[in-house]
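Visitor: I am new to this structure and would like a short tour. Could we take it one question at a time?

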Amino acid sequence: MSFSFRHGDVAVHITVDAADGPSACRPAAGPSGGETILYPPAHADLVLPVTDPGDVELHYRAGLGSWRSGPGEGEFSRWAGIPYGLLGRHLVMFLCTEAFRCRTRTITLHPHRVYAFLAGLGSLSEQTVRGGWFTELEGQLQRTLRHGWIGEHPGTAGTLIASRNHRSHGLLDSTSRPPAITLDAEFAKSALRWIPLDSEIVRILSRHSCTALDIYAWLTSIGTSLDDARHFTWESIQARFATTSAAPSPGPATSSPASPTSRSASPAASHAAPTAGSFTASSAGPFTASHTASPAGPFTASDAASFTASFAGGPAAFRLTFEAYLEEIRKITTIPSVTADASGIEVRPSTGCVGAFHSAWPHPR
């Protein structure tokens, strides 16, 4: 894949080699044919914000824990911030997958590998690179390298990166030597507990929304160690996912179709994912997806209001939305068996999931 665009006054041409795709790890054959990428359990459990939480030291998730921001380098920014949206999630996946490929805590941040990974997941395309995307990428990368987390239980705090080379230019400045990034020692020790995700499933769900991707990662995390049924109340599920979700801003009828989270309160968040297919509200849930343009067009104001109400309302309204996401995920991949009732959901390892998650662990090239 290759495309050209202008970055300021500079003409840029990017060619993404298939060998540099979403992962440099070879997974066991999967149903989608995608490669395996890795994601930390803490991120699947605590769930990153969808929109920018702002210049804060801590971003608290009630009953779950807090995201912690590292100190900022800018003159007017005290805190670096917390990664958010699809781009923030994809960058965390890149660092974990690249560290596994290199089999070392210290990795070199080669720009072409970052670009290739993001292109494979859809964060980088001809549609996303315009309008300050590279500035957003640099900022999100700074956030990703500096953020940490504090769980509700003692001993569950952590951070992603222990150290990195300081540079006067951007981290992805191709005119200077790529920086070296060293993972935190305790975080690196947890590598065998990182969640194996299918890159093709991640790419498809990223077209839908952050929430669809978060639910897939969370259920996959549960499936890696599920021996018996586990029950989750609707209140606990809503606390995990609803508070990080954002409805799309209604667009004009002439605008291009957009995913539920590609337009948000933050201008930078609009570059988190490319447009892909159209999404229209339905009585079954927040969206129905197609990979071609829909006569219904983009989200309207009433669609956005309905989507927001389903997440901000009570457990009954949230249940309909959550089950609609589950149906979309089931169409493209195998997840644990989920049974819903008035009190919540019961998750059991389905027959198709037995050994599927551990067998998806990548083999290094």
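**A tour in questions**

Guide: At 13% relative accessibility, Phe 134 counts as buried. The model shown here is predicted.

Visitor: In which helix is Phe 134 placed?
Guide: Phe 134 falls under the buried class, since the cut-off is under 20% relative accessible area and its value is 13%. Its C-alpha is 9.3 Å from that of Leu 172, with the two positions 38 residues apart in sequence. The helix that holds Phe 134 spans residues 133-146 and is α4.

Visitor: How many helices and strands are there in the chain?
Guide: The chain has 365 residues, and 52% of them count as buried. Among contacts with a separation of 6 or more, 66% join residues 24 or more positions apart. The elements number 11 helices and 20 strands.

Visitor: How much area does the chain expose?
Guide: Carbon and sulfur atoms supply 54% of the exposed area. The whole of that area is about 15,700 Å².

Visitor: Is His 43 buried or exposed?
Guide: His 43 sits in helix α1, residues 41-46. Beyond its neighbours within four places in sequence, its contacts are Leu 48, Trp 67, Val 92, His 147, Trp 149 and Leu 160. Its relative accessibility is 1%, so His 43 is buried.

Visitor: Which residues does Val 92 touch, leaving out those up to four places away in sequence?
Guide: Val 92 belongs to helix α2, and at 0% relative accessibility it counts as buried. Leu 141 is 49 residues away in sequence, yet the two C-alpha atoms are 8.9 Å apart. The residues that Val 92 touches are Tyr 39, Pro 40, His 43, Leu 48, Thr 144 and His 147.

Visitor: How many residues of helix α6 are buried?
Guide: Helix α6 covers residues 199-208. Its buried residues are Ser 199, Ile 201, Val 202, Arg 203, Ile 204, Leu 205, Ser 206 and His 208. Of the 10 residues in the helix, the buried ones number eight.

Visitor: Which residue has a side-chain oxygen that reaches the backbone nitrogen of Glu 200?
Guide: The place to look is the start of α6. There the oxygen comes to within 2.8 Å of the nitrogen of Glu 200, and the residue that supplies it is Asp 198.

Visitor: What is the angle class of α6 and α7?
Guide: Two packed helices are described by the angle between their axes and the distance between the axes. For α6 and α7 (residues 210-223), the distance is 6 Å and the angle is about 140°. Roughly antiparallel would need an angle over 145 degrees. The two helices are therefore oblique.

Visitor: Which residues of α7 meet α6?
Guide: From α6, the contact uses Ile 201, Val 202, Leu 205, Ser 206 and His 208. The residues of this contact divide into six nonpolar, two polar and no charged. On the α7 side they are Ala 212, Leu 213 and Tyr 216.

Visitor: What is the phi of Val 47?
Guide: Most residues other than glycine have a negative phi. Val 47 is in the loop between α1 and β5, and it is buried at 1% relative accessible area. Its phi is positive, at about 65°.

Visitor: Where is Arg 103 placed?
Guide: Arg 103 has a positive phi near 60° and is not a glycine. Its relative accessibility is 48%, so it counts as partly exposed. Arg 103 lies in the loop between α2 (85-102) and β9 (106-108).

Methods
Residues numbered from 1 in each chain as written. Predicted model: local features only at pLDDT ≥ 70, side-chain atom pairs only at ≥ 80, totals over all residues. Heavy atoms only, no water. Helix = DSSP H or I, 4+ residues; strand = E, 2+ residues; numbered from the N terminus. Buried < 20%, exposed > 50% of the residue type's maximum accessible area, 1.4 Å probe, protein only. Contact = heavy atoms within 4.5 Å. Areas by Shrake-Rupley, 256 points an atom, 1.4 Å probe, with all protein chains shown as cover. Polar contact = N/O pair within 3.5 Å; in protein donor to acceptor, adjacent residues only side chain to side chain. Axes fitted to C-alpha atoms, helices over the stretch in contact; angles between N-to-C directions. Parallel < 35°, antiparallel > 145°, perpendicular 65-115°, else oblique. Nonpolar A, V, L, I, M, F, W, Y, C, P; charged D, E, K, R; others polar.
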